[in-house]
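These are my notebook entries on aromatic rings, charges over rings and a few single residues. I wrote them down in the order in which I looked things up.

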Amino acid sequence: MGHQVIVLDFAAIRGMWEIRVKKHKEREKKEKQRIAQSALEKIRQEWDIILECRRNGIPQAAYLNNGIVDTNKILDKVENNSPLIKKIALLNETQKERNKFIFQLSGEHWTEFPDSLKEQTHLKEWHISNTMITTIPAYIALFQELRILELPSNLITELPTEIGCLKNLQELNVSFNRLKAVPPELGDCENLQRLDLSGNLELAELPFELSNLKKVTFVDVSANSFPSIPICVLRMSSLQWLDMSSNNLKDLPQDIDRLEELQTLLLQKNELTYLPQALVNMSKLTLLAVSGDKLVKMPTAICESTTGLKFISLKDNPLETTSFQEIDEITESDRDRELFEKEFMKAYITDLRERETVPCYTTKVSLSVQI
């Protein structure tokens, strides 16, 4: 048997490692950008301040304002050379740096965007609420770094087609406006993860092009006029939370189980008379709310322990045979009550995830029905 000769091409090896080093540096750069854009650093700094205040015997009432650290309240209680002073200065600097990338606008005296806005294309977040603004300017296409577009409770009647140019957009909230339609170009926002179109009473359909939103995990289209779940929503393969409450739904699609990642399905206050058998196939579905509908039948297997459901709400349906205790008024309007209920559901699901294992008595919540 002859000798084996190994021939090494050092140029090829060097090229391979240069590629690996380049990819490693790119990953490091992206991770730094991710940390800079997140609120984790600010939260960590706030906890450092809270811990330092505890060590110094400063009561929470002296530095917390609605659960948020208010550094102005404790400056006069801290010694000049205290480590707490440095932590406060660092937090203020972080917040100051973060605010450079955030645009906020609120108040009914605003009927249009200020002219100076178009020059601030470095912005990463827009937060506009409770204004009289009706249109979003076409120059929004220039804001290529925009990650969050929050536009709740305005008078917006349409979204510009240029919104499709926002390739880095992750969150879009146009709730409680006056939208009648959504542009197909929104489907080009390939990195969108959260979509809130609730409270636009005349909105009744979504363009099929939104099927391209494969990263969306949260969709809220409650308090609109949808007669059925939009086809595009059924094709959002990563969807985990779907709120279709307070619409005009009369039935659910038989292929709803194609939403394999769905964990929360809110259907209360529609016109549903039955639930499809396909719901039993949704192994990750944890919360189902169909209260205030017209249910007369539902799959028996839904109430069996073999399903993944931990919380079912069927309150105020004809199939109920037990009476529920009246709950005292805790909000000033139906809208506030619904928001409270949704926040409770979110908190409940979060608690389930944190505990990972759920005691048997929480498998089905507050429900006694005859099927």
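Before listing charges over rings I fixed the criterion: a charge sits over a ring if NZ of Lys or CZ of Arg is within 6 Å of the ring centre and within 35 degrees of the ring normal. I also noted that I am working with a predicted model.

**Entry 1, charges over rings.** With that criterion in hand I looked up Lys124, and I found that Lys124 lies over the face of Phe101, at 4.6 Å from the ring centre. I then turned to Arg194, which lies over the face of Phe218 at a distance of 3.9 Å from the ring centre.

**Entry 2, aromatic pairs.** How many aromatic pairs does the structure hold? I noted five aromatic pairs. One of them is formed by Phe103 and Trp126, which I entered as edge-to-face, with 6.3 Å from centre to centre and 65 degrees between the planes. This pair links distant parts of the chain, since Phe103 belongs to strand E3 (residues 102-106) and Trp126 to strand E4 (residues 125-129), 23 residues apart. When I checked accessibility, Phe103 came out as buried with a relative accessible area of 10%, and Trp126 as buried with 0%.

Why is the pair of Phe113 and Trp126 called tilted? The ring centres of Phe113 and Trp126 are 5.5 Å apart and their planes stand at 40 degrees, so I entered the pair as tilted, because stacked needs planes under 30 degrees apart and edge-to-face needs over 60. This pair, too, links distant parts of the chain, with Phe113 in the loop between E3 and E4 and Trp126 in strand E4, 13 residues apart. I recorded both Phe113 and Trp126 as buried.

Following the ring pairs further, I found that they link Phe103, Phe113, Trp126, Tyr139 and Phe143 into a cluster.

**Entry 3, Glu119.** I placed Glu119 in the loop between E3 and E4. Is Glu119 buried or exposed? Glu119 has a relative accessible area of 63% and is therefore exposed, as the cut-off for exposed is over 50%. I also looked up the spacing between Glu119 and Leu142, which are 23 residues apart in sequence and 9.3 Å apart in space, taken from C-alpha to C-alpha.

**Entry 4, Ser222.** Where does Ser222 lie? I located Ser222 in the loop between strand E8 (218-220) and helix H4 (231-234). Its relative accessible area is 4%, so I entered Ser222 as buried. Its side chain makes a polar contact with the side chain of Asp220, at 2.7 Å.

How values were computed
Residues numbered from 1 in each chain as written. Predicted model: local features only at pLDDT ≥ 70, side-chain atom pairs only at ≥ 80, totals over all residues. Heavy atoms only, no water. Phe/Tyr/Trp six-rings, centres within 6.5 Å; stacked < 30°, edge-to-face > 60°. Helix = DSSP H or I, 4+ residues; strand = E, 2+ residues; numbered from the N terminus. Buried < 20%, exposed > 50% of the residue type's maximum accessible area, 1.4 Å probe, protein only. Polar contact = N/O pair within 3.5 Å; in protein donor to acceptor, adjacent residues only side chain to side chain.
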